Amino acid sequence: MKRNDIHDLLQKNDFIVTIQGRDAVKVQGYLLIAQMEFKQLSIKTEMIHLDRKEKFALFKAIIETEKGVYIGHGDADPQNTRGAILKAFIRQAETRAIGRALRWALGDKISATALEEIDLEQDTKEYTKQTQQRQKKEVIKPEVIKPEVIKKDVKPEGPPSKKAL
């Protein structure tokens with residue numbers, strides 16, 4: 001898929017949010033494009049560090065595709081995670097790691113930062129307005145993509161393979 005087609009697909013599915021005048025892509029959007037772009041896709045995560053008292057979590061995500069292995073790290077703590085999301089700081093750190101690794105794997109297909117990496121407290125009004133305008137809807141996929149192609153071996157949990165390390 002071409003970059004413009006990817007952008008249009010992400011917008012149609014509400015996977016792009018504009019924050020401070022710049023587009024940010026939800027990790028769901030990265031995952032959708034990765035499932036369409038790669039014949040083989042495996043996602044594994046590993047918790048590197050957890051401090052419940054300080055509310056700090058650090059994860060490593062390993063994305064394996066037919067094109068290679070991509071590693072991303074994600075953290076969450078009270079300085080970069082606020083509000084209701086802070087209660088889920090462990091999941092937020094894991095999501096950030098997956099988003100970063102997917103971004104590396106997709107290369108120049110998507111250049112926007114993952115929404116989950118942005119401190120939304122800085123621009124709550126704009127984000128809230130866009131969120132309120134959205135309605136839940138079915139994911140729109142291009143007609144050229146057959147359903148059996150989209151189903152991939154996506155495994156969000158488990159230890160990393162020796163090959164990936």
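Which residues have the most contacts inside the largest nonpolar core? I began there, keeping in mind that this is a predicted model, in which local features need pLDDT of at least 70, side-chain atom pairs count only at pLDDT 80 or more, and totals for chains, interfaces and linings use all residues. Residues are numbered from 1 along each chain as its sequence is written, and side-chain values use heavy atoms, with hydrogens and water left out.

I looked up the core and found 31 residues, with Leu10, Ile33, Ile63, Leu102, Leu106 and Ile110 having the most contacts inside it. A nonpolar core is a set of buried Ala, Val, Leu, Ile, Met, Phe, Trp, Tyr and Cys residues joined through side-chain atoms within 4.5 Å, where buried means under 20% relative accessible area (1.4 Å probe, protein chains only). H4 gives the largest share, eight residues.

I turned next to the sheet, where three strands lie in the open order E3-E4-E5 with antiparallel pairing; strands are DSSP runs of E with at least two residues, helices are runs of H or I with at least four, both numbered from the N terminus, and two strands pair if DSSP finds at least two bridges between them. The edge strands are E3 (41–51) and E5 (68–76). I noted that ten bridges join E3 to E4 (residues 56–65), with His49 partnered by Leu58, while nine bridges pair E4 with E5, where Lys60 is partnered by His73.

Last, I checked Ile63, which touches Leu41, Val69, Tyr70 and Leu102, among others, not counting residues up to four places away in sequence; contact means heavy atoms within 4.5 Å.

Definitions and conventions:
Buried means under 20% relative accessible area, exposed over 50%, partly exposed in between (1.4 Å probe, protein chains only).
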